[in-house]
Amino acid sequence: MGEIVAVSPELMALLSGNAGSGGLAPFTREIFLLDITVAGTTFCKKINELAPLLVEGTILKMQRDPDNKHDEYAIGIYLDHDRIGWVPRDLNLIVARLMDAGKAFVCRVTDTKWKNEWLKIDAKVWMVE
């Protein structure tokens, strides 16, 4: 007969995919949804410092900001703890509603290019299920 294995925090992190890039994430898949240009990067005070880290394939977190006074469907885009910008307003409604319903999303950088003082960040948005 099988034995019961204690679930440690390390095992949970491994199973949930939070143990670094090599973690397991059983029964998950990513569904491509959108190509975006990250909005509002000029408002990120650390954009010059963060720019070298924003290479193709960099994973960015997405977080809802329902209390945003400019857009009730606002979704911030973060590199670690730094908000670098937003999902463009004209593309955020459906993603925001899905996020509010508990769906998880991730964003990956596809290209960056400086245009004068503006860092144009192109990315793809994926739903994780």
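Let me start at the hairpin of E3 and E4, in what is a predicted model. Two residues lie between the two strands of this hairpin, and Asp-80 takes a positive phi near 55° there. Asp-80 is not a glycine, and still has that positive phi. Its place is in the loop between E3 and E4. Is Asp-80 buried or exposed? With a relative accessible area of 53%, Asp-80 is exposed, because the cut-off for that class is over 50%.

Now the strands on either side of that loop. E3 covers residues 75–79 and E4 covers residues 82–86, and they pair in the antiparallel sense over four bridges. If you want one bridge to look at, take Gly-76, whose partner in E4 is Trp-86.

Next to Gly-76 in the numbering is Ile-75, which also lies in strand E3. Ile-75 has a relative accessible area of 0%, so it is buried. Which residues surround Ile-75, leaving aside neighbours within four places in sequence? There are contacts to Met-62, Gln-63 and Arg-64, then to Gly-85, Trp-86 and Val-87, and finally to Asn-92, Val-95, Ala-96 and Met-99. For Ala-96, the C-alpha separation from Ile-75 is 6.8 Å, with the two positions 21 residues apart along the chain.

Just before E3 there is a loop to mention. Asp-71 sits in the loop between strand E2, residues 59–64, and E3. At 11% relative accessibility, Asp-71 counts as buried, because the limit for buried is under 20%. Its side chain makes a polar contact of 2.7 Å with the side chain of Asn-92. Asn-92 was also in the list for Ile-75. Not counting residues up to four places away in sequence, Asp-71 touches Asp-65, Arg-89 and Asn-92.

Now the whole sheet. What is the order of its strands? It is an open sheet of six strands, running E1-E6-E5-E2-E3-E4, and the pairing is antiparallel. The edge strands are E1 and E4, each of which pairs on one side only. From one strand to the next, the twist averages 35°.

As general background, strands of a sheet pair through backbone hydrogen bonds, either parallel or antiparallel.

Within this sheet, E5 and E6 pair in the antiparallel sense over eleven bridges. One bridge in that pair joins Asp-111 to its partner in E6, Asp-122. Helix H3, residues 93–100, packs on the sheet. H3 touches E1, E2, E3, E5 and E6, and its direction makes about 75° with that of E2.

There is a second loop residue with a positive phi. Asn-116 is found in the loop between strand E5, residues 104–115, and strand E6, residues 118–128. Its phi is near 60°, a positive value in a residue other than glycine. Asn-116 counts as exposed, at 76% relative accessibility.

That leaves the other edge, strand E1. Glu-30 is in E1, which covers residues 30–37. Is Glu-30 buried, exposed or partly exposed? Its relative accessible area is 37%, so it is partly exposed. The side chain of Glu-30 makes a polar contact of 2.8 Å with the side chain of Arg-108. Leaving aside neighbours within four places in sequence, Glu-30 is in contact with Val-106, Arg-108, Trp-126, Met-127 and Val-128. Glu-30 and Trp-126 are 96 residues apart in sequence, and their C-alpha atoms are 5.8 Å apart.

Trp-126 also takes part in an aromatic pair. How many such pairs does a search of the whole structure find? It finds one. The partner is Phe-32: the ring centres of Phe-32 and Trp-126 are 5.3 Å apart and the planes stand at 65°, so the pair is edge-to-face. This pair links distant parts of the chain, with Phe-32 in strand E1 and Trp-126 in strand E6, 94 residues apart. Phe-32 counts as partly exposed at 37% relative accessibility, and Trp-126 counts as partly exposed at 22%.

To close on Trp-126: this residue is in contact with Glu-30 and forms the aromatic pair with Phe-32.

Methods:
Residues are numbered from 1 along each chain as its sequence is written. This is a predicted model: local features need pLDDT of at least 70, side-chain atom pairs count only at pLDDT 80 or more; totals for chains, interfaces and linings use all residues. Side-chain values use heavy atoms; hydrogens and water are left out. Two strands pair if DSSP finds at least two bridges between them. Buried means under 20% relative accessible area, exposed over 50%, partly exposed in between (1.4 Å probe, protein chains only). Contact means heavy atoms within 4.5 Å. A polar contact is a pair of N or O atoms within 3.5 Å; within protein, one must be able to donate a hydrogen and the other to accept it, and residues adjacent in sequence count only if both atoms are side-chain atoms. Axes are lines fitted to C-alpha atoms, for helices over the stretch in contact, and angles run from 0 to 180 degrees between N-to-C directions. Rings of Phe, Tyr and Trp (its six-membered ring) pair if their centres lie within 6.5 Å; planes under 30 degrees apart count as stacked, over 60 as edge-to-face and the rest as tilted.
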